[in-house]
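Here are some exercises to work through with the sequence and the model side by side. Try each task yourself before you read its solution.

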Amino acid sequence: APVIWWVRRDLRLTDNPALTAAAEAGPVIPLFIQDHSVDSLGAAAKWRMGEGLRAFADALEDKGSRLILRRGNALDVLREMVDETGATAVHWSRLYDPDAIDRDTDVKSALKDAGIEAESHSGHLLFEPWTVETQDGGPYKVYSPYWRAVKDRDPGAPLSAPSLSTPETWPKSDVLDDWAMGAAMNRGAEVLAKYSKPGEAAARSRLAVFIRDKVERYKSDRDLPGEDATSRMSEYLTYGEISPRSLWAAGQRAMEDGKSGAEHFVKEVVWREFAYHLMYNTPRILTDNWREEWDDFPWRDDERLAEVKAWKQGRTGVRFVDAAMREMYVTGTMHNRARMIVASYLTKNCMIHWKVGMRWFEECLTDWDPASNAMGWQWVAGSGPDAAPYFRVFNPDTQAEKFDPDGEYLSAFIAEGQKNPPETALDYFDAVPRSWNLSAHENYPERPIVGLKEGREAALSAYQNRPKAS
Ligand code: FAD
């Protein structure tokens, strides 16, 4: 009898324990369900998920298989599929956000009650969050001891792609184009499509290039936003087009080959694990200040403020901040240092709540990840575990001098004032909504919407005068 592989955020054939288990059990029917969790994705992530599905459906066809697409409540669709195909088992890769956990727990018990085997597998992470514990038996709250606890563990060798036997008849599938996954992106999708290379094959070849040419200098160059110096694996990890275990294995091999930046790369991959460890153990990190003493801080949570509008549009008048926001609209991602700087400017200089920024990233990032995004925002804002202290306010100008000394990043994304702006800078005007009414002939803002000095002072005084926990 056939077996259903419920595909979610694991659009890959290699190192996929759920797929391997399904393939061992019988002919595999790969099924992707557009349920609420997909419907509610931000515009860019939803577009990117659609592109990932397209690439993945092609990859499955090359193996003589297919990707079946259905829409609706996950349990209803799975029940229908079991009835239609006579499948006796459903396998999937685990996810760890609270909504997915609730859904999957219900699905598992309902399928089991109906006599169907239902099995979830690891694969999205290196280490299951509940398997890493402090000596007192609790979760970690600080990265360094978390790293020490996992760095010598063996997550196992990556699995090779299994061969797939196919069912006698295929169930009907929706047509991907009918789903219009890019609809909310409007014209911005065409720009993103120039910079994003979806799919498992693209992920693997980028990883190979990174390990061959870049990892050696990763530790020093990873902070330079004008350089192509990081792995760019985040987008692939988000949709599971590559497994974290493949990154770990590549990193370990590079270490054995004496490539000096390799350990640092593995450490960054473990930051993602740490984010998941935090989210799993304290799901509150997704919605509320992780440290409750921040609940009374006078951050402004109002989307209509002029500062929010200028920040979103990449027109604050602070060049590093604006270049970074534009990078996000053009490429779908943003350099890590730039993420820290735009988050610091918003939450500190502008005194806007980190939730405003977190929500906007969720809408605009193609590598949006619930755990890393929430941890990143709360880390910069100061309200998170192991966070940067609030009084550490980044100065975007000095950061630009230090990390973008030749202004490469700024000129890559800010067209105004350049005689011959590069394509990336011009693409910004095509990527953003028409309703913003922006054109390359616009003048760049003369003055910052919030000056760096005033903003910093206001933020620090709010911090000093904050209501203290009684
Ligand atoms: P590399 O430097 O090559 O690192 C390799 C991998 O390690 C990354 O792909 C990523 O999976 C992981 N990693 C690296 N840095 C971090 C980090 N600080 N936190 C967690 N994991 C990390 N990352 C996302 O994937 N999705 C998000 O939505 C996201 N939102 C963020 C929001 C803020 C405010 C901040 C400060 C950071 C955020 N990050 C997010 C983390 C980080 O910026 C990106 O993972 C990184 O820029 C991706 O580029 P890369 O793949 O080239 O990273």
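Which residues does UniProt list for "domain: Photolyase/cryptochrome alpha/beta"? The unreviewed UniProt entry gives residues 1-126 for this domain; such positions follow the numbering used here, feature names are shortened, and annotations may be inferred rather than shown by experiment.

Two notes before we start. Residues are numbered from 1 along each chain as its sequence is written. The model is predicted: local features need pLDDT of at least 70, side-chain atom pairs count only at pLDDT 80 or more, and totals for chains, interfaces and linings use all residues.

**Exercise 1. Describe the make-up of residues 1-126.**

Step 1. Helices (H or I, at least four residues) and strands (E, at least two) are DSSP runs, numbered from the N terminus.
Step 2. Over residues 1-126, the chain is 48% helix and 21% strand.
Step 3. The end C-alpha atoms of this stretch lie 31 Å apart.

**Exercise 2. Find out whether strand β1 (residues 3-7) is buried or exposed, and which strands pair with β1.**

Step 1. Buried means 20 or more other C-beta atoms within 10 Å of the residue's own, exposed means 12 or fewer, and partly exposed is in between, with C-beta atoms placed from the backbone.
Step 2. In β1, 5 of the 5 residues are buried, so the strand is largely enclosed by the rest of the structure.
Step 3. Look at the two faces: V3, W5 and V7 are buried on one side, and I4 and W6 are buried on the other.
Step 4. Now the partners (strands pair if DSSP finds at least two bridges between them). β1 runs parallel to strand β2 (residues 28-34), with 5 bridges, and I4 has I29 of β2 as its bridge partner.
Step 5. Between β1 and β2 the chain passes through helix α1 (residues 17-25), and this β-α-β crossover is right-handed. That term means that, with the strands pointing away from the viewer, the path from the first strand over the helix to the second runs clockwise.
Step 6. β1 is also parallel to strand β4 (residues 89-93), through 4 bridges; here W5 stands opposite H91.

**Exercise 3. Check the length of helix α18 (residues 370-381) and its surroundings.**

Step 1. The expected span is 1.5 Å times one less than the number of residues.
Step 2. For the 12 residues of α18 this gives 16 Å, and the end C-alpha atoms are 17 Å apart, which agrees.
Step 3. Of the 12 residues in α18, 12 are buried, among them W377 and W379.
Step 4. Its buried residues pack against α13 (262-281), α16 (336-349) and α17 (354-364).
Step 5. After α18 comes G382, with a positive phi near 100 degrees.

**Exercise 4. Place L286 and E307 in the structure.**

Step 1. L286 sits in the loop between α13 and α14 (306-313), whereas E307 belongs to helix α14.
Step 2. L286 counts as buried because it has 20 C-beta neighbours inside 10 Å. E307 is buried too, with 20 other C-beta atoms within 10 Å.
Step 3. List the contacts (C-beta atoms, placed from the backbone, within 7 Å), leaving aside neighbours within four places in sequence. L286 is in contact with M279, P370 and A374, and E307 with C350, I352, I449 and V450.
Step 4. Compare sequence and space: L286 and P98 are 188 residues apart along the chain, with 9.5 Å between their C-alpha atoms.

Key
Contact = placed C-beta atoms within 7 Å.
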